[in-house]
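Let's take a walk through a protein model together, one stop at a time. Keep the picture in view and find each residue as we reach it.

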Amino acid sequence: MPPSPSAFRAIFWGGFLCGIFDITQACLAWGIQFHTPPSRIFQSVASGLIGRSAFQGGIKTVLLGGVLHFLIAFVWATVYYIASRKMPVLLARPVICGLLYGELVWLVMNCVVIPLSAIHGWPPQWNTAAIITGPIGHLFLVGLPIALAVRRYGDTEEGKNQLAAN
């Protein structure tokens, strides 16, 4: 059965907002603290797939990093949406669940995804920019927009009926 229009809207807006907010705060935090240009932020995302050579890849790896960043954001929004169909509390309490989800995303990305990536980044860096973009930023700029978008666009009659049936 194909996804409903409400599922598409919930995942699209959750992933889009998460992606925009997360990359914006990363560019700002790393730019302010280390004068890192936005292109380098995007290349750091691409380096997870292709390794350190991403930093010499020019515009191609900047674009690859952007695509990967938003792909990851949409995957996390999809996971939340699917979980919300099985766990009604995710729709009933989107603020607290979104904040907790943001921390879960940060933990999985830093403790599983990045260590398994081509850059094998472990342990996480601990500096002001990393703390702002990590455990603090993910609360409000990753988990919360996903949860609120899923609540807003995914909590339709169809979704309520699906939740009641489970």
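Which residues does Gly 19 touch, leaving aside those up to four places away in sequence? Before answering, keep in mind that this is a predicted model. Gly 19 touches His 69, Phe 70 and Ala 73. To find the glycine itself, look in helix H1. Gly 19 counts as buried, because its relative accessibility is 0%, and the cut-off for buried is under 20%. Now follow the chain from Gly 19 to Ala 73: they are 54 residues apart in sequence, yet their C-alpha atoms are 5.4 Å apart in space.

Let's stay with helix H1, which covers residues 5-34, and look at how it packs. Two packed helices are described by the angle between their axes and the distance between the axes. Take helix H2, residues 38-50, as the first partner: the axes of H1 and H2 come within 9 Å and cross at roughly 120 degrees. The two helices are therefore oblique to each other. H1 passes H2 in a right-handed crossing. You can find the residues that meet here, too. From H1 come Ile 23, Ala 26, Cys 27 and Trp 30, and from H2 come Pro 38, Ile 41 and Phe 42.

What lies in the loop between H1 and H2? Look there for His 35. His 35 has a phi near 60 degrees, a positive value in a residue other than glycine. For comparison, most residues other than glycine have a negative phi. His 35 is exposed, because its relative accessible area is 68% and the cut-off for exposed is over 50%.

Next, turn to helix H6, which covers residues 128-154. The axes of H1 and H6 come within 8 Å and cross at roughly 165 degrees. That angle makes H1 roughly antiparallel to H6. This crossing is right-handed. On H6 you will find Arg 152, which is exposed, with a relative accessible area of 58%. Arg 152 and Ala 10 are 142 residues apart along the chain, but their C-alpha atoms are separated by 7.3 Å.

Another arginine gives a contrast in surroundings. Arg 85 sits in helix H3, residues 58-86. Is Arg 85 buried or exposed? Arg 85 is buried, because its relative accessible area is 6%. Where does its side chain reach? The side chain of Arg 85 comes to the backbone oxygen of Gly 154, at 3.1 Å.

Our last stop concerns the cysteines. A disulfide is a covalent bond between the sulfur atoms of two cysteines. How many disulfides does the structure hold? The number is 0. To see why, start at Cys 18: the closest cysteine sulfur to its own is in Cys 27, 14 Å away, so a bond is out of reach. Starting from Cys 27 leads back to Cys 18, again at 14 Å and too far for a bond. A pair would need its sulfur atoms within 2.5 Å to count as a disulfide. Both residues can also be placed by their burial. Cys 18 counts as buried at 4% relative accessibility, and Cys 27 is buried with a relative accessible area of 17%. You have met Cys 27 before, among the H1 residues that meet H2.

Technical notes: Residues are numbered from 1 along each chain as its sequence is written. This is a predicted model: local features need pLDDT of at least 70, side-chain atom pairs count only at pLDDT 80 or more; totals for chains, interfaces and linings use all residues. Side-chain values use heavy atoms; hydrogens and water are left out. Helices (H or I, at least four residues) and strands (E, at least two) are DSSP runs, numbered from the N terminus. Buried means under 20% relative accessible area, exposed over 50%, partly exposed in between (1.4 Å probe, protein chains only). A polar contact is a pair of N or O atoms within 3.5 Å; within protein, one must be able to donate a hydrogen and the other to accept it, and residues adjacent in sequence count only if both atoms are side-chain atoms. Axes are lines fitted to C-alpha atoms, for helices over the stretch in contact, and angles run from 0 to 180 degrees between N-to-C directions. Angles under 35 degrees count as roughly parallel, over 145 as roughly antiparallel, 65 to 115 as roughly perpendicular and the rest as oblique. A crossing is left-handed if the near helix is turned anticlockwise from the far one by less than a right angle, and right-handed if clockwise. Contact means heavy atoms within 4.5 Å.
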